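Please look at the chain shown below and follow it step by step, beginning with a pair of strands and moving outward to the sheets, the rings and a single residue in a loop.

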Amino acid sequence: MATLISQNAVSKDRGEKIKRKNPDLDETLTLDVLQETKNSENMTTVKPKKKKKERKEDKQAETEQAIEMKKLENVLFGSLYPVEFGKNIEEEEEEEEESALFFTDRSANSVLSVYEEDAKTGEIEIVATEDHAPRKPVWVDEEEEKTNINISNVNRLRKIRKEEDKKLISGSEYVSRLRAHHMKLNPSTDWARPDSRERIYNSDDSDQENGDFDGILQTMEDLVVSGSSKLLPGLLEYSRLVDANAQDPSSGPINSVQFHRNGQLLLTGGLDKKLRFFQIDGKRNTKIQSIFVDDCPIRKAAFTPDGSQVILSGRRKFFYSFDLVKAKMDKIGPLVGREEKSLETFEISPDSKTIAFIGNEGYILLVSSKTKELIGTLKMNGTARALTFGNHGQELVATGGDGQIYHFDMRSMSCFHKGVDEGCLTGTALGMSPNGNIFAAGSDSGIVNVYNKEEFLGGNRKPMKRIENLTTKVDFIKFNSDGQILAICSSMKKNSMKLVHVPSFTVFSNWPPANKALQFPRCLDFSPGGGMMAMGNAAGHVLLYKLNHYQHA
């Protein structure tokens with residue numbers, strides 16, 4: 001600025017010198033020079049003011065930009081300190097300079113509040129951690145109490161229902177349930193709650209060493225709190241995974257699928273005479289082993305409940321036993337004293353001691369799973385078609401061509417009860433719940449009757465529920481591990497498979513899938529934890545589904 005002034009402006013002293021050296025000059029020239037000098041002086045005084053104003057504006061723009069950048073950082077990464085109002089920029093800059101030398105934990109003494117759901121009322125209450133007094137909310141929406149929300153119309157909102165019949169809830173209750181559902185889905189943030197932090201900070205070292213934290217390492221329970229085990233009717237939440245036998249599909253119909261007791265190993269067997277084992281993870285489902293049985297198209301294959309061996313049979317006089325530990329296949333039969341044409345249908349007792357085969361003319365053949373020798377027979381009036389064990393292997397339930405249900409005592413090898421299956425001419429399938437309280441019986445007409453076991457044995461032959469969703473012969477009945485889902489299927493019709501919600505005895509409306517992906521279902525099994533379901537069809541594929549309600553496979 002000084003150079004611009006020195007080049008363009010004319011000083012007073014210079015004007016006076018010109019006047020003294022040239023006295024003959026016209027007076028007007030001097031006046032002109034003086035006027036120019038005054039103008040230049042005015043310019044010199046105005047320009048710095050203008051520049052100063054521009055500097056001030058630039059500085060103000062920079063500070064505003066810095067504030068915006070700080071806000072953006074707080075939004076993206078979170079603020080290190082709580083927001084404080086009423087401070088100017090200079091004070092903030094001074095604090096930033098001091099922060100390089102000292103660090104102050106400003107959140108230590110701050111009053112934090114958390115939302116807690118009352119388990120009985122479902123209301124949200126604010127709990128203060130320092131003053132032990134509830135803090136009033138800054139703002140309350142008055143419309144929440146006036147608004148009613150229908151949670152049954154939207155599928156995603158059905159999971160926050162507490163009662164099946166209640167559809168309308170108030171806005172405040174809706175907000176509290178959403179918060180509670182969020183806490184249920186994200187339980188890992190419990191460590192951040194003020195009460196838990198105070199408990200950790202205030203506890204003595206001896207308490208930490210002796211009790212609280214060692215308890216976590218002394219249990220095999222899940223660290224993450226699992227959700228409610230109650231399965232709601234209506235819609236079943238599931239997802240399709242990679243086929244269980246995608247690495248080696250069968251060239252014939254699949255007749256048997258079963259999970260091992262560890263929930264990771266799955267066997268498949270079919271008419272292509274191959275017994276296959278797969279490691280199930282839902283992504284790759286790696287094939288472990290394949291065994292070719294030359295002289296026996298597999299009609300049924302099953303793990304023993306103790307998981308030590310596999311029993312497989314076909315329409316033959318003999319059957320096979322595969323030892324999983326020794327990886328050795330043994331051929332057993334024909335059974336001594338019997339002339340059976342087929343041993344294709346069997347059941348294994350829950351204690352893994354007895355194998356019950358269906359024989360000719362209503363006979364049930366009992367074979368020891370250890371010695372593989374015939375240890376006894378049971379007799380029905382009609383032909384035997386289906387078997388299932390109950391009461392931890394101490395009872396055997398059977399049905400067949402005479403339409404009656406037989407209960408046998410395995411200890412005395414005798415029938416202690418016989419009752420008519422209502423509306424049934426020929427029984428074709430049986431299934432017992434895991435706790436043994438109810439059982440289901442299917443017939444060749446597609447009807448499935450569900451009975452209470454105690455009432456049936458007491459003389460009340462009226463079924464708890466009559467399921468009429470199938471129109472062809474029922475081939476397969478299976479309860480899942482906790483008895484909340486009952487699967488029924490018929491291999492004579494495409495996509496003919498239903499999943500029943502047992503507590504309400506209603507079918508899930510979104511199963512089977514609408515695209516008829518099941519084809520002709522032939523067999524099904526649930527994983528021990530209930531998290532997976534495998535279904536084999538006549539096309540040689542084993543479809544694998546994840547049931548989202550269950551946490552473990």
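In this predicted model, strand β16 (residues 363-368) and strand β17 (residues 374-379) run antiparallel to each other and are paired over five bridges. One of the positions where the pairing can be followed is Leu365, whose bridge partner in β17 is Thr377. The two strands form a hairpin with five residues between them, and in this hairpin Lys372 takes a positive phi near 60°. For a reader new to sheets, it helps to recall that strands pair through backbone hydrogen bonds, and that the pairing is either parallel or antiparallel.

The residues that bound this hairpin also take part in another kind of arrangement, in which a charge is placed over a ring. The ring of Tyr363 has the charged end of Lys379 sitting over it, 5.4 Å from the ring centre. The charged end of Arg338 also sits over the ring of Tyr363, at 4.5 Å from its centre.

It is now useful to step back to the whole chain, which holds ten helices and 32 strands. Of its 553 residues, 37% are buried. When contacts between residues at least 6 apart in sequence are considered, 46% of them join residues at least 24 apart.

Among the sheets is an open one of four strands, in the order β6-β7-β8-β9, with antiparallel pairing. Its edges are formed by β6 and β9 (286-292), and because each of these has a single partner strand, one side of each is left without a neighbour in the sheet. From one strand to the next, the twist in this sheet averages 15°. Within it, strand β7 (residues 265-270) is joined to β8 by five bridges, the two strands running antiparallel, and Thr268 stands opposite Arg276 in β8.

Which residues does Phe259, a member of the edge strand, touch beyond its neighbours within four places in sequence? Phe259 has its place in strand β6 (residues 254-259), and its contacts of this kind include Leu265, Leu266, Ile280 and Phe303, as well as Asp525, Phe526, Ser527 and Pro528. Phe259 counts as buried because its relative accessibility is 5%, which lies under the 20% limit for that term. The C-alpha atom of Phe259 is 9.6 Å from that of Phe278, a residue 19 places away along the chain.

Another open sheet of four strands has the order β5-β32-β31-β30, and its pairing is antiparallel as well. Here β5 (238-240) and β30 (521-526) stand at the edges with a single partner strand each, so one side of each has no neighbour in the sheet. The twist of this sheet averages 25° from one strand to the next. Five bridges hold β30 in antiparallel pairing with strand β31 (residues 532-537), and one of the residues concerned is Phe526, whose bridge partner in β31 is Met533. Phe526 has already appeared among the contacts of Phe259.

Aromatic rings offer a further way to read the fold, since the structure holds twelve aromatic pairs. One of them is formed by Phe277 and Phe303, which are tilted, with 6.3 Å from centre to centre and 50° between the planes. Because Phe277 lies in strand β8 (residues 274-279) and Phe303 in strand β10 (residues 300-303), this pair ties together parts that are 26 residues apart in sequence. Phe277 counts as buried at 3% relative accessibility, and Phe303 counts as buried at 4%. Phe319 and Phe357 form another tilted pair, with 4.8 Å between the centres and 40° between the planes. Phe319 belongs to strand β12 (residues 319-323) and Phe357 to strand β15 (residues 354-358), so the pair ties together parts 38 residues apart in sequence. Both Phe319 and Phe357 are buried. Elsewhere, Tyr238, Trp511 and Tyr545 form one aromatic cluster.

The last stop is a loop residue: is Ser490 buried or exposed? Ser490 lies in the loop between β27 (485-489) and β28 (497-501), and it is buried, with a relative accessible area of 0%. The side chain of Ser490 makes a polar contact with the side chain of Thr472, at 2.5 Å. Apart from its neighbours within four places in sequence, Ser490 is in contact with Leu470, Thr472, Lys473, Asp475, Ser496 and Pro521.

Technical notes:
Residues are numbered from 1 along each chain as its sequence is written. This is a predicted model: local features need pLDDT of at least 70, side-chain atom pairs count only at pLDDT 80 or more; totals for chains, interfaces and linings use all residues. Side-chain values use heavy atoms; hydrogens and water are left out. Buried means under 20% relative accessible area, exposed over 50%, partly exposed in between (1.4 Å probe, protein chains only). A polar contact is a pair of N or O atoms within 3.5 Å; within protein, one must be able to donate a hydrogen and the other to accept it, and residues adjacent in sequence count only if both atoms are side-chain atoms. Contact means heavy atoms within 4.5 Å. Two strands pair if DSSP finds at least two bridges between them. Axes are lines fitted to C-alpha atoms, for helices over the stretch in contact, and angles run from 0 to 180 degrees between N-to-C directions. Rings of Phe, Tyr and Trp (its six-membered ring) pair if their centres lie within 6.5 Å; planes under 30 degrees apart count as stacked, over 60 as edge-to-face and the rest as tilted. A charge sits over a ring if NZ of Lys or CZ of Arg is within 6 Å of the ring centre and within 35 degrees of the ring normal.
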